[in-house]
Amino acid sequence: MKWAIAAIVMTAVPMAMFAQGSSLNVSRAKLKNPSTFTDKAPGTFKAKFETSKGTFVITVHRAWAPLGADRFYNLVHSGFYDDCRFFRVMDGFMAQVGMNGDPAIQSAWGSATISDDPVKESNKRGFVSFAATMAKDSRSTQFFVSLVDNTRYDRMGFAPFGEVTSGMEVIDTLYSGYGEGAPRGNGPEQAKLQVQGNAYLAKEFPKLDYIRKATIEK
C-alpha cells in the first residue's frame, strides 16, 4: 500500500509541473499575437508591480488617456511585464521599462503601436506615460515614471494615464548607475535589447532592477 501511495505521489508531481509549464507556454505563445489583447480597461484600476527593490502601485484613470489605459491594462493582465528590466533609469529624470525579455514577443509588439491620446494631465513627479519606441513618435509597450516634474513632455504629446499612488520610494531607489542608453550614454542599447532580450542585459548590465510580477489588483 505504501509503495502504491508513493507511486501516485511521484506521478502526480511531474504531471502538475508539466501542467504548469504548459500553461506558461500557452501564455507566452499568446503574447506573440498582440491583436488578441483588446479588452477595455475599467474606468479606474490599480496595477501592482512587485520588483527586485520592492512593490509599487500605479492607479490608472481611463478618462485621462483611454488608449493608453486600455493598452496598459492588457499588458499587465497578460503578464507581458513580468521579468522586464528597468533598462533606462536616470536620476532627476525618469525610470523606463517595458521591453519584453523574449525577443520574439518584443518583436511582435514592436509594430503594435497605438495613437497618441490628447494630453489631459501633466507629467509631474510620479505620473506615468507611455514612452516613444525606436520608431519616432509611436507608442507600444514601454512606459516611464517621472522622478521629477517633467512638464515639458506635455507639449511633446506624452499623455499620462496614471500615477504611482504607493511605493514611489521604491522607484526612487531603482539602479541608475548605467545612466542614459547607448549611443548617447553607457546604458543598454534598445536595438540590441530588441534582438537579444534579457540575455543581453544579464550579461552586460547585471545590476538592473526588474519587475518580478505585475498584476491587476482586485
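Before we start, one definition: Ala, Val, Leu, Ile, Met, Phe, Trp, Tyr, Cys and Pro count as nonpolar, Asp, Glu, Lys and Arg count as charged, and the others, Gly among them, count as polar. Keep that in mind for the cavities. One more thing: this model is predicted.

Let's begin with the sheet. It is open and has 8 strands. Read across, the order is E3-E4-E6-E5-E7-E2-E1-E8. The pairing is antiparallel. Which strands stand at the edges? They are E3, residues 88-90, and E8, residues 211-216. Each has a single partner strand, so one side of each is left without a neighbour in the sheet. Neighbouring strands are also turned against each other, by 30° on average, direction ignored.

Now some of the pairs. Take E1, residues 44-51. E1 and E8 pair in the antiparallel sense, over 5 bridges. In that region, Glu-50 stands opposite Lys-213 in E8. Next, E2 and E7. E7 covers residues 162-166, and its antiparallel pairing with E2 runs over 4 bridges. Here Val-57 stands opposite Ser-166 in E7. E7 also runs antiparallel to E5, and 2 bridges join them. Look for Val-128, which faces Gly-162 in E7.

On to a helix. H2 spans residues 66-78. Which strands does H2 lie across? They are E1, E2, E5, E6 and E8. H2 runs at about 45° to E1.

H2 also helps to line a pocket. The second largest pocket holds about 160 Å³ of space. H2 gives the most to its lining, with 4 residues. The lining includes Leu-67, Asp-70, Arg-71 and Asn-74. Pro-34, Phe-37 and Trp-109 are also among the lining residues. By kind, the lining divides into 6 nonpolar, 3 polar and 3 charged residues.

Next, the cavities. How many of 30 Å³ or more does the structure hold? There are 2. The largest has about 90 Å³ of space. Its lining includes Asp-116, Asp-117 and Arg-139, and also Phe-130 and Phe-161. This is where our opening definition comes in. The lining of the largest cavity divides into 5 nonpolar, 3 polar and 3 charged residues. Ile-114 is among the residues lining this cavity. Ile-114 is also one of the residues lining the second largest pocket.

The second largest cavity has about 30 Å³ of space. Among its lining residues are Phe-87, Arg-88, Val-89, Tyr-175 and Tyr-178. This lining divides into 5 nonpolar, 3 polar and 1 charged.

Let's stay with Arg-88. You will find Arg-88 in strand E3. Is Arg-88 buried or exposed? Its relative accessible area is 13%, so Arg-88 is buried, because buried means under 20%. What does Arg-88 touch, not counting residues up to four places away in sequence? The list is Phe-93, Met-94, Ala-95, Gln-96, Glu-180 and Arg-184.

Now set Asp-91 beside it. Asp-91 sits in the loop between E3 and E4, with E4 at residues 94-97. Asp-91 has a relative accessible area of 59%, so it is exposed, because exposed means over 50%. One last distance. Asp-91 and Leu-147 are 56 residues apart along the chain. Their C-alpha atoms are separated by 7.4 Å.

To recap: an open antiparallel sheet of 8 strands, helix H2 lying across E1, E2, E5, E6 and E8, and 2 cavities of 30 Å³ or more. Thank you.

Key
Residues are numbered from 1 along each chain as its sequence is written. This is a predicted model: local features need pLDDT of at least 70, side-chain atom pairs count only at pLDDT 80 or more; totals for chains, interfaces and linings use all residues. Side-chain values use heavy atoms; hydrogens and water are left out. Two strands pair if DSSP finds at least two bridges between them. Axes are lines fitted to C-alpha atoms, for helices over the stretch in contact, and angles run from 0 to 180 degrees between N-to-C directions. Contact means heavy atoms within 4.5 Å. On a 1 Å grid over the protein atoms alone, a cavity is a set of points where a 1.4 Å probe fits but cannot get out, and a pocket is an open set with protein on both sides within 12 Å along at least five of seven lines; lining residues have an atom within 4 Å of a point. Grid points are joined across faces, edges and corners, and a volume is the space filled by probe spheres set on the points. Buried means under 20% relative accessible area, exposed over 50%, partly exposed in between (1.4 Å probe, protein chains only).
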